[in-house]
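Visitor: Hello! I am new to looking at protein models, and I would love a close look at one part of this one. Could you walk me through it slowly?

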Amino acid sequence: MVNRHLILPVALLSLAACQQLPDDVQHRVDTMNECEKVLALTQGTQDDFAQLKGSKVNSSFMSAWQPKAHLIANSCQINQYNSGNVAYECTKLFSTEANAATLFDDVAQQLNTCLGASWQNTKGKNNTLRYTSDASEATITLSRGKGLDRKTPWVIALKISR
């Protein structure tokens, strides 16, 4: 069943794949609200985020693109691994655990609000939430933990994939 509230964001993101968009359409893509971004990203797993891929990022290890929508401010990338799997991934580093916890809680609340009743979240080990739905191939994983960087050891990671 297609949800009417998904059609506009997906249609606008499809248009965004074109090189030159009319100013009003480009403005709409740029001003999508947070829920429209979440829903467009979950739909994006169906075609490996084709409409969401921006400029290509040079990498010798995998193919990568800057996304046209960021769920966590300017910290996201679309990655295609050697296995062929494609994922939308965000990583944000923090110097304090409190700041990391705040963002983790904010993103979790955003996902809970935007995804709706057809999505379930399960808590995993080490501050990890996994969102799934019988109505979607997408899986969303949100995690919080400690990394190796001494100045910014606290890490929030978000992954949307099939």
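How many aromatic pairs does the structure hold?

Guide: Happy to help! Keep in mind that this is a predicted model. The structure holds 1 aromatic pair. Its two members are Phe 49 and Tyr 88, whose rings are 6.3 Å apart from centre to centre. A pair of aromatic rings is described by the distance of the centres and the angle of the planes. For Phe 49 and Tyr 88 that angle is 40 degrees, and the pair is tilted. Rings count as stacked under 30 degrees and as edge-to-face over 60, so a value between those cut-offs is called tilted.

Now find the two residues along the chain. Phe 49 sits in the loop between helix 3 and strand 1, while Tyr 88 belongs to strand 4. They are 39 residues apart, so the pair links distant parts of the chain. Are these two residues buried or exposed? Phe 49 is buried, with a relative accessible area of 1%. Tyr 88 is buried too, at 0% relative accessibility.

Stay with strand 4 for a moment, as it also holds one end of a disulfide. Cys 90 lies in this strand, which covers residues 86-94, and its partner Cys 76 lies in strand 3, residues 76-80. The sulfur atoms of Cys 76 and Cys 90 are 2.0 Å apart. Because the torsion about their S-S bond is about 100 degrees, this disulfide is right-handed. The bond ties together parts that are 14 residues apart in sequence, and both Cys 76 and Cys 90 are buried.

Next, go back to helix 3, on the other side of the loop that carries Phe 49. The structure holds 2 disulfides, and one of them joins Cys 35 to Cys 114, again with sulfur atoms 2.0 Å apart. Cys 35 is in helix 3 and Cys 114 in helix 4, 79 residues apart. The torsion about this S-S bond is about -75 degrees, so the disulfide is left-handed. Cys 35 is partly exposed at 26% relative accessibility, whereas Cys 114 is buried at 9%.

Helix 3 and helix 4 also meet in other places. Their axes come within 9 Å and cross at roughly 75 degrees, and the two helices are therefore roughly perpendicular to each other. Among the residues in contact are Val 38 and Leu 39 from helix 3, and Leu 111 and Thr 113 from helix 4. By class, this contact has 6 nonpolar, 3 polar and 1 charged residues.

Methods. Residues are numbered from 1 along each chain as its sequence is written. This is a predicted model: local features need pLDDT of at least 70, side-chain atom pairs count only at pLDDT 80 or more; totals for chains, interfaces and linings use all residues. Side-chain values use heavy atoms; hydrogens and water are left out. A disulfide is a pair of cysteine sulfur atoms within 2.5 Å. Helices (H or I, at least four residues) and strands (E, at least two) are DSSP runs, numbered from the N terminus. Buried means under 20% relative accessible area, exposed over 50%, partly exposed in between (1.4 Å probe, protein chains only). Axes are lines fitted to C-alpha atoms, for helices over the stretch in contact, and angles run from 0 to 180 degrees between N-to-C directions. Angles under 35 degrees count as roughly parallel, over 145 as roughly antiparallel, 65 to 115 as roughly perpendicular and the rest as oblique. Contact means heavy atoms within 4.5 Å. Ala, Val, Leu, Ile, Met, Phe, Trp, Tyr, Cys and Pro count as nonpolar, Asp, Glu, Lys and Arg as charged, and the others, Gly among them, as polar. Rings of Phe, Tyr and Trp (its six-membered ring) pair if their centres lie within 6.5 Å; planes under 30 degrees apart count as stacked, over 60 as edge-to-face and the rest as tilted.
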